[in-house]
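Biologist: Could you walk me through this model? I would like to start with the interior and then move to the surface.

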Amino acid sequence: MIKIRRFWRVGAAAVLTLSTVAASEAQNRPRALEEPPGDTLFLTLAQAQLHALENNPALLATRRLREAAEGRLRQARVYRFNPEVTLESEQVGSGRTLRAYEGEVSQEVEWAGQWGLRKRVAEHGLASTDGTVRDAERLTRAAVAAVFYETLGAQNRVALAEEIRTLNERLAVAVSDLLEAGSISLLEANLARIESGRAQTRVLEERRDAKTALLELRQALALPDAQPLRLSPDVPIPPEPSGLNLDSLVRVAIVRRPDLGSAASRIEAGQSLVSLARRGRIPNLRLTVPFDRLEGPGSEQIGIGVGVSIPLWNRNQGTIAELQADLARARSERDAVESTVRTEVVDAYQRYVSAKEEEQIAAVSVLQPARFNQGLLDEAFRSGKIDLATLLLVRNALLDAELDYWESWLELRLELVRLAAVTAEPLPNQ
């Protein structure tokens, strides 16, 4: 059984794309899902990615982080104007006439720029969260593209296995006639029956793998199991773009990767937090407006006062040290992300180049001769040029050759998906 290396699984914990769904791209998006006659849902790769971006529960949950960050920014933009009013009064007589009173209106005033710094912290926090969401969309696109290709590859292998099964069933019928005529031995006839059974088993195995791949695609798209689904097979590998080289891809990834941008925003937020903590050592002003009437009408008085606290012991030293450590960690994390990005791009580029060469060799040197020789086998057997054992041996070899081609076919597309994902670029021609 062919083994396929898989990556970017879509699940409840996955932060699932290839590039951000920005407002500027809205005009270029593919139209929503098109349904052919009947209930069958027909999907191209681009439509499958769009559907996942709009419906995948894990991605929708991640987008809630941005709403929370927007709420924090909205709250940070509100100035802390909350005046306090105190009033004490003395009332006399049956009508409870107000004879004397005293009170004050007070307001704490931040005058060292704390309000602006809080807004900057929230703005950088929103930018960081936005990068997290766009990174989830990048991984979602990649995950959907990978499982889309895996599903197509599995369906192609099913078709090949069914074709081989049909050939073996026809051969088994012919062998039975030859056995009755005494042209072949019982041993040879049993070999043909064995291969026919193996072909049937292979069909069942390939169908099982195809159902698993389709189930994973449904999960990525958040589709119900009862929804009939058909994939567009028209996804040819696009030609290698001109000017594709490793250095340019690394530069593109450094600029476009949303996780790297998110890490940079966390550094900026950390710097603003340290500045805000340092400003916290500067005491706020407290403006008061006292007023009173102590001896009846005509004795009203009003004044103004200014107060300030003196930070003798609590000067935010511990908070500043903690925030500086967090800032240093954020810088180290950003460096680690950049190093990871560079490594991923180099690895993806090398794997893509290798997979492309393998697929081209397999298409020309393996697939075409294998399919041509399949048509010659039965004729050679009927004409007596080869015996039954040789026919079965060669047919199995040709089957393995075609399965090897479909492995290289899938690997090329998976590596293209990987390369597009690590550079945060959309798939070419998609």
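What follows is a short exchange about the core, one helix and a surface patch.

Modeller: Gladly! This is a predicted model, where local features need pLDDT of at least 70, side-chain atom pairs count only at pLDDT 80 or more, and totals for chains, interfaces and linings use all residues. Residues are numbered from 1 along each chain as its sequence is written, and side-chain values use heavy atoms, leaving out hydrogens and water.

Biologist: Which element gives the most to the largest nonpolar core?

Modeller: A nonpolar core is a set of buried Ala, Val, Leu, Ile, Met, Phe, Trp, Tyr and Cys residues joined through side-chain atoms within 4.5 Å, and buried means under 20% relative accessible area (1.4 Å probe, protein chains only). The largest one has 35 residues. Helices (H or I, at least four residues) and strands (E, at least two) are DSSP runs, numbered from the N terminus. Among the contributors of two or more residues are strand 4 (229–231) and helix 7 (317–382), but the most, 11 residues, comes from helix 3.

Biologist: Is helix 8 largely enclosed or open?

Modeller: Helix 8 has 35 residues. Of these, 26 are buried, so the rest of the structure leaves helix 8 largely enclosed.

Biologist: Lovely. Which residue with a positive phi follows helix 8?

Modeller: Here we look just past the helix end. The phi there is near 60°, and the residue is Ala424.

Biologist: And is Val289 buried or partly exposed?

Modeller: Val289 sits in strand 5 (residues 285–293). Partly exposed covers 20% to 50% relative accessible area. Because its relative accessibility is 32%, Val289 counts as partly exposed.

Terms used. Expected span 1.5 Å × (residues − 1).
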